[in-house]
Amino acid sequence: MEERWQEHYREQTEREEYIRWLELNSMLYQAEILARSYLRTEKKWQRPYALPNPRAVVSKAPAWFTAYPASMITAKGESILRTLADDRLWDCLREIGIKALHTGPTKRAGGLSGRHYTPSIDGSFDRISYDVAPDFGSDIDYLEMVHVAKNHGAIIIGDVIPGHTGKGADFLLAERNFSDYPGIYHMVMIGPEDWNLLPPVPAGADSANLSQEQVQKLKEKGYIIGELTRIIFYEPGIKESNWSATAVVTGQGGEKFRWVYLHYFKEGQPTLNWLDPSFAAQRLLIGDIIDSMRVLGDSGLRLDANGFLGIEVNPMTGKAWSEGHPLSVTANGIIAMMVRKLGGFTFQELNLTLEDLKAMTITGPDLSYDFITRPAYHHALAAGNVEFLRLMMRLMHQYQIDPAALVHALQNHDELTLELIHFNTAHAEELFRYRGKKLRGADLRAAVHREMFSRYAGGGISYNVAHPNGIVSTNATLCAAVLGIRDVYRTTPSECEGIKRLHLLLAMFNAFQPGVFALSGWDLVGALTLRPEEAAELLADGDTRWLNRGAYDLMEVNPHATHSGAGIARAVSLYGSLPQQLKSPDSFLRKLQHMLAVREEYRIPESKQTAIPPTRSRGLIAMVHELPSNRGILVTVLNFSSRSVEDTIRLKENSHFTVTDILERKTIGSTRGQLCLSLAPFEGKALLLD
C-alpha cells in the first residue's frame, strides 16, 4: 500500500513540476509580465491610434525587401539574423532603394514533446514562444539587425500571427485543462461516453484529423458547429476536415481528457478563440506585440492569416460562418490600434472579398497585401490580355480601396494564390462583363483558372506545379513559361534576357502605383523553383510550396553551400548575387535600381490613382496618377503582350501637355486631348504630362 502511495505521489509531483515548467515557458505567462511592464508608462496615451494612416507609412518606407529567413544561405557559423545585420548587405539594399526589411516570422515555432522542442511544420508560422528561434539567431542578433538598418535609413518589420499558434506550452496546458489556457483555443472537451466518435490517434502522434462523417456526428451531438466553407491544405488521408482530436491527456490532478480543436491550416496549428470569457487569446497576442515592438524594436508588424478570427453558425444559412465574420473586423481593429498606440504600423496578408478587405481597413491595419491585382497581372502576362486586370483595378476603385494602402508585392513565401475569393463566394452568381459577354463570377473565375493553369503549368511545363490554391512557382519560372521555355534549368543567355525583361515588367507594374512596392530574395536573384527530388523530405505532408522557397545567397557569402541552415536546397539563380549584379549596368538589379530612383524622385508611392482608361490594344494597361505637390499627371502604360502595340489614350478635352518619358529622362513632345502610344513587346513606359 505504501509503495502505491509513493508511486502516486511521485507521478503527481512530476505532473505538477512539468505543468509549472510549461507555464513558465508559455506565451500567456510571458504576456502577463510584459503587460505589467507597460502599465505605468504615459507614452501609450501620446499617439493617435484609432484610424489607419497608410500614406504616412508609405512616405517613410516606400520600398521593402521581404526576407524568408529559412531560405537564406549564411556564411559558415553565422546566424541568419547576423547575416541580415551585415553592413555590406545594407549598403547594397540602400543603393537599390530599399527602405524596409520584413523579416518574416523569426520567433520560435513548432511544438513540444515533453520538454523537447520539435521543428516548425509551416515555415515558422506555428509560433510557440516570444523568443527568437535559435535556428535564426538570438534576441541580441535581432537588436543588432534593427540597429544596422536604422543606420542605413531603414526600418525592420516583424510578424504577429493572430489566427493560431503551434503546439507549444500554451496548447499543452490547454489540453490539461489548466487555468485560462483552454480559453486560448477553439477547443471542446469531449465526454468519455463519446470518445467512440473520435478517431484513434496513431502511435507517435498527439492528434488525429476528423473525417467529414465524424465532424457531422459531433455537430449533431452539439459539440462543434460543423465543417467550414473551405478546407485549406486539403489532402486525403492527412487533412480531410478543419477539426482534429487530441490523444488522451492526463491533467494536473490525474483527470483524463480528450478534446476536439479547430485548425484552419495544419493539424499542428490550433486556432485561437477571440471571444472567450478569459480573453486569453487577446492577452497572448498583445504580449507578442509588446515584445516585438518594445523589446526587439520592430517598427511595424504583419498580420498573417488574420481573416479567420470569428466562427459561428450563420443564422441565415445554418452553416459555419468564418470568413468575413464581424469578429475578425473587431479583433483586427484591436490589434492594429494597439500597434499604433505603441508607435508602429501593421499590414495584413488578407485574401478575402473586396468588401471584407474594405471593412477590415476602416479601423484595422494600415496597409493590406495586394491580392487584388497580383493574380490579375499574372493572368495578363499569361493571356497577353489585360481585360481581367482592368476589371480588378476598376473593382478596387468601386469598393473605394486606395492603392496607396496596398503592399504591391512580387513573390512571397506562398504559391501564386489563385483562389479569387471575391468570385468564389458572395459574388459567385453576380454578372461581370468579360470579353464581350456577361459571366457569372464563378464562371469568370473558372475561365481565368483555365488560362493560367494551362499557360503556367501545362503543355509540358514541369517546373511550375498546380496547387489546390494556385500555382507553385517563382516569378522567373512564370516568365519562362510565358516565353515557352521547356527546360528552365538550362537557359541560354538570350532566354535569360527574355525572362529578365518580363520580370522587370511585373516589377514596374507594382512599383509605379501608389503604395508600397515589395520584392523578395527570390526576385532579387532570379531564383527558379526546386526540382521535386531536391525537396522530397519537405514535400512529405503534401505541401508543395517548398518548391518555390529555394535557398538563396544574396551576398555570395557561402558559394559552395548546397542548402540553407534550415535544410532547404539551393535554388538555381539566373541573375546572380547582389554584388555581382551591381557591377553590371544591364543587370536586373541595376534596371530595378533606376526604376526605384525615378519612383522616389517623382514621389509616385504618394500619388493618387485617378483612372484606369480604356485601350484598344488588348495587351495594354494604362494607369493615371496625380503626383503630389502639383508635380503633374503620370500616365503609366505597360504592354503585357508579345506584340508591339500602337494605341491612343483620351485626355481631358482641350488640355495641352508637354510629355516627358521619366524613365528615359527625355521630352518626347507635346499633346492636346490625346496621348499617342507606341510600345514594344513586354515594354513599360512612364509618361509625365506637365
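What is the volume of the largest cavity? That is the puzzle we open with, and a few more follow.

Before starting, note that this is a predicted model, in which local features need pLDDT of at least 70, side-chain atom pairs count only at pLDDT 80 or more, and totals for chains, interfaces and linings use all residues. Residues are numbered from 1 along each chain as its sequence is written, and side-chain values use heavy atoms, with hydrogens and water left out.

**Exercise 1. Describe the largest cavity and its lining.**

Step 1. Start with the idea: rolling a probe the size of a water molecule over the atoms shows where empty space is left. Here a cavity is a set of points, on a 1 Å grid over the protein atoms alone, where a 1.4 Å probe fits but cannot get out. Grid points are joined across faces, edges and corners, and a volume is the space filled by probe spheres set on the points.

Step 2. Searching the whole structure gives nine cavities of 30 Å³ or more. The largest cavity comes to about 410 Å³.

Step 3. Look at the walls: 26 residues line the largest cavity, and Phe265, Ala305, Phe308, Glu349 and Asp414 are the closest to its centre. A lining residue has an atom within 4 Å of a point.

Step 4. Sort the lining by class: nine residues are nonpolar, eight polar and nine charged. For this count, Ala, Val, Leu, Ile, Met, Phe, Trp, Tyr, Cys and Pro are nonpolar, Asp, Glu, Lys and Arg are charged, and the others, Gly among them, are polar.

**Exercise 2. Work out how helix 12 and helix 16 pack.**

Step 1. Find the elements: helix 12 covers residues 374-383 and helix 16 covers residues 493-511. Helices (H or I, at least four residues) and strands (E, at least two) are DSSP runs, numbered from the N terminus.

Step 2. Two packed helices are described by the angle between their axes and the distance between the axes. For helix 12 and helix 16 the angle is about 145° and the axes are 11 Å apart. Axes are lines fitted to C-alpha atoms, for helices over the stretch in contact, and angles run from 0 to 180 degrees between N-to-C directions.

Step 3. List the partners: Tyr377, His378 and Leu381 of helix 12 meet Leu502, Leu505, Leu506, Phe509 and Asn510 of helix 16, where contact means heavy atoms within 4.5 Å. By class, this contact has six nonpolar, two polar and no charged residues.

**Exercise 3. Decide whether helix 15 is mostly covered, and find what surrounds it.**

Step 1. Count the buried residues in helix 15 (residues 475-482): eight of its eight residues are buried. Buried means under 20% relative accessible area, exposed over 50%, and partly exposed in between (1.4 Å probe, protein chains only).

Step 2. Look at the surroundings: the buried residues of helix 15 pack against helix 12, strand 20 (416-417), helix 14 (441-457), helix 16 and helix 17 (521-525).

Step 3. Continue along the chain: Gly484 follows helix 15 and has a positive phi, near 75°. Thr492, in the loop between helix 15 and helix 16, is partly exposed at 36% relative accessibility.

**Exercise 4. Inspect two non-glycine residues with positive phi.**

Step 1. Asn177 has a phi near 60° and sits in the loop between helix 7 (169-175) and strand 8 (187-189). Asn177 counts as partly exposed because its relative accessible area is 36%.

Step 2. Arg435 has a phi near 55° and sits in the loop between strand 21 (431-434) and strand 22. With a relative accessible area of 35%, Arg435 is partly exposed.

**Exercise 5. Place two isoleucines: are Ile73 and Ile190 buried or exposed?**

Step 1. Ile73 lies in the loop between strand 1 (63-66) and helix 4 (80-83). Its relative accessible area is 2%, so Ile73 is buried.

Step 2. Leaving out residues up to four places away in sequence, Ile73 touches residues including Thr83, Tyr552, Val557, His563 and Arg570.

Step 3. Ile190 lies in the loop between strand 8 and strand 9 (207-209). At 2% relative accessibility, Ile190 counts as buried.

Step 4. With the sequence neighbours up to four places away set aside, Ile190 touches Trp195, Leu198, Leu218, Tyr223, Arg258, Trp259 and Val260.

Methods: On a 1 Å grid over the protein atoms alone, a cavity is a set of points where a 1.4 Å probe fits but cannot get out, and a pocket is an open set with protein on both sides within 12 Å along at least five of seven lines; lining residues have an atom within 4 Å of a point.
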